[in-house]
Amino acid sequence: MPSNQLIHESSPYLLQHAHNPVNWYPWGNEALQKAKAEDKLLLISIGYSACHWCHVMEQESFEDDAVAQVMNQHFICIKVDREERPDVDQVYMEAVQLVSGRGGWPLNCFALPDGRPVWGGTYFPKAQWLAVLQQLADLNTTGKEKLMQQAEALTQGIRQLELPLAQADVTADIYQALQASRTRFDDQYGGFGAAPKFPMPVALKLIHQVGYLQTDKSLLDFVYLTLDHMSSGGIYDQVGGGFARYSVDERWFAPHFEKMLYDNAQLISLYSQAYKTSHQPHYQHIAEKTIDFVKRELTAPEGIFYSALDADSEGEEGLFYVWTYQELKEILGDDEHFLRYFNITESGNWESGKNILHGNRPRKAYALQHHLDPDGFEATVSKALEKLFTVRQHRVRPGLDDKALTSWNALMIGGLCEAYQAFGEEAHLQMAESAMNYLLSHVQQPDGSLLRTTKNGRSKITAFLDDYAFMIDALIGLYEVTFNERYLNSAKKLADYTIGEFYNATAQVFYYTAKSGEQLIARKTDVQDNVIPSSVGAMANNLVRLHQLYHLPDYETIAHTLIAKMSQQAEEHPTYYAQWALLAYLQNQRQEMVITGEQTQGFRKELQQQLRPGAIYAASLDGTSKLEVLQDRFKEGATLIYKCQNKTCELPVTAPHKL
């Protein structure tokens, strides 16, 4: 079978295209130089392995010999895995958004040989794609001046989005801002806005923590409503655990079936935190089942975590997850209440006569309504789901993206630490430590830098700000549950390295790319929270927390400058700038929970079973720690807890309940 230049890559997405008749190149100097030498436009096509419409465009156009001939004749074609090279994706996504007002994947952008974009779009059906190719090829022959003008305008536009944020002398009232933003809340099904609906765990975390600190039942109830509807909907895999990327409707019923590590990592964290405030056993069940899914489906033999499961199997979206009425009857018999609870119909509740398992109320409420014993109904449902799981194991599985991304692994480690705090399950801590030990010994380089992606034991690509920011956060999280200062010292060293490589003291901002990394046509930053937290916001939070433990005024200054810059955006759009809103809200409420003495781990466990927004934990078993926050706290023969705030500590107590 003929192959192109992608055959030498490790990315599953790039390898999917390695046998296309299109003469694809990976992003790099070879392709750019070839475009320059042959006076051809670059065609930069960006996607990721679990992207359904990326597969569709490949099948319709990139596997078609006639289409490939046009592409090869007139363009130098580059394939990019957006998860490996988010920096490239960010630049050309902004170009396409400037051109069309919208973005998404697959992303197809045309550019001059120097990388400056001239035009682009997302998915194109075959006939339209051929027309686009011909038009751009003609322009490159007869309209070069027009292309140069367009490239200049787009590049200026991309760079303008990078201007430093104006200093804001604003003290944001985040609680009032959240009240004002309630027009975005869906009070019927939870979540934000209409279809398609994404979980948005960063925004939900903000609402949960502010609601808890304000004892605002309406905010907490909105979070619980969202978590309840998501976990009973089709976006949650009722049979095997784990969440899909988003729901195509507002009810969380029909997912886009791909499952991403970053969603599941953050939702494990969110359900664990919600358990702390609600003590709902259901939230523990969902968090644990999601961890089971990651352990079973997304964990490499070395202990690190793979990136994603595809939406498709056997060329059909969702086929692995859906059921016909007849299949369910054959497996489960006449289990009327199971079929009714999960909204199963003979004609199918989804496409092609298939059913997506989804409930529309908690199981206990259904049982009581139908005069069933709640515990008995729960046991019956669990047994039936186990039968379906066994049957499903024999189906053709969705494709696995088996590269491990440093940033997403760090999010997963953070989620496991949150689950360990909430539930005390040692296996969760072991999973987290196993992954972190691999990252520290194989992904971190001798000079202190990180690499972005790992596959088959080989790591590559200079890491980006999210890799560093989430890694530091995960290391602090591991320190808080183990009190092993090796993790904290690693976090401090990484923070110093990150400031040196990513922070611009003049602009007072962290860039997304390292100064020693590849320089694209624009150096971007990343301040808005989306389905993944803003890496700049995460970095600001890291610096505040490290300052609490080490007393590092320079860290505090950088963080507070960033928070001040972002306070206006946080107040105007708190759910879009959720990390910044929470940072601003917690500025005067942060605490250090200091434990010293032999019963440290027992006290830690008890303290961490409660949600304490803005608190950071530190401990010393024997008084030998050099941490600033632990100095002069140790007393022989006693286990003490100090609650400190704004560099002032209350008198110590001898048990958690005395706080």
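## Strand E18 and its partners

Strand E18 pairs with strand E20 (residues 640-645) in the antiparallel sense, over 5 bridges. Keep in mind that this is a predicted model. On the E20 side, Glu 592 sits opposite Cys 644.

E18 also pairs with strand E19 (residues 615-620), this time in the parallel sense and over 6 bridges. Here Glu 592 stands opposite Ile 616. Helix H24 (residues 600-608) comes into the picture too: E18, H24 and E19 make a right-handed β-α-β unit.

## How covered is E18?

E18 runs over residues 591-596, and 6 of its 6 residues are buried. Both of its faces are covered. One side carries Gln 591, Met 593 and Ile 595, while Glu 592, Val 594 and Thr 596 are on the other. So Glu 592, with under 20% relative accessible area, counts as buried.

## Helix H4: one face in, one face out

Now for helix H4, which spans residues 65-74 and has Val 67, Ala 68, Val 70 and Met 71 buried. Looking down the axis of H4, these buried residues fall within an arc of 160°, so they line one face of the helix. Over on the other side, Asp 65 and Gln 69 are exposed.

What do the buried residues of H4 pack against? Two strands, E2 (41-47) and E3 (75-81), and two helices, H3 (52-62) and H6 (126-142).

## The start of H4

There is also a polar detail at the start of H4. A side-chain oxygen of Asp 64 comes to within 2.9 Å of the backbone nitrogen of Ala 66.

Conventions
Residues numbered from 1 in each chain as written. Predicted model: local features only at pLDDT ≥ 70, side-chain atom pairs only at ≥ 80, totals over all residues. Heavy atoms only, no water. Buried < 20%, exposed > 50% of the residue type's maximum accessible area, 1.4 Å probe, protein only. Helix = DSSP H or I, 4+ residues; strand = E, 2+ residues; numbered from the N terminus. Arc of directions from axis to C-beta. Contact = heavy atoms within 4.5 Å. Polar contact = N/O pair within 3.5 Å; in protein donor to acceptor, adjacent residues only side chain to side chain. Pairing = 2+ DSSP bridges. Right-handed = clockwise from strand over helix to strand, strands pointing away.
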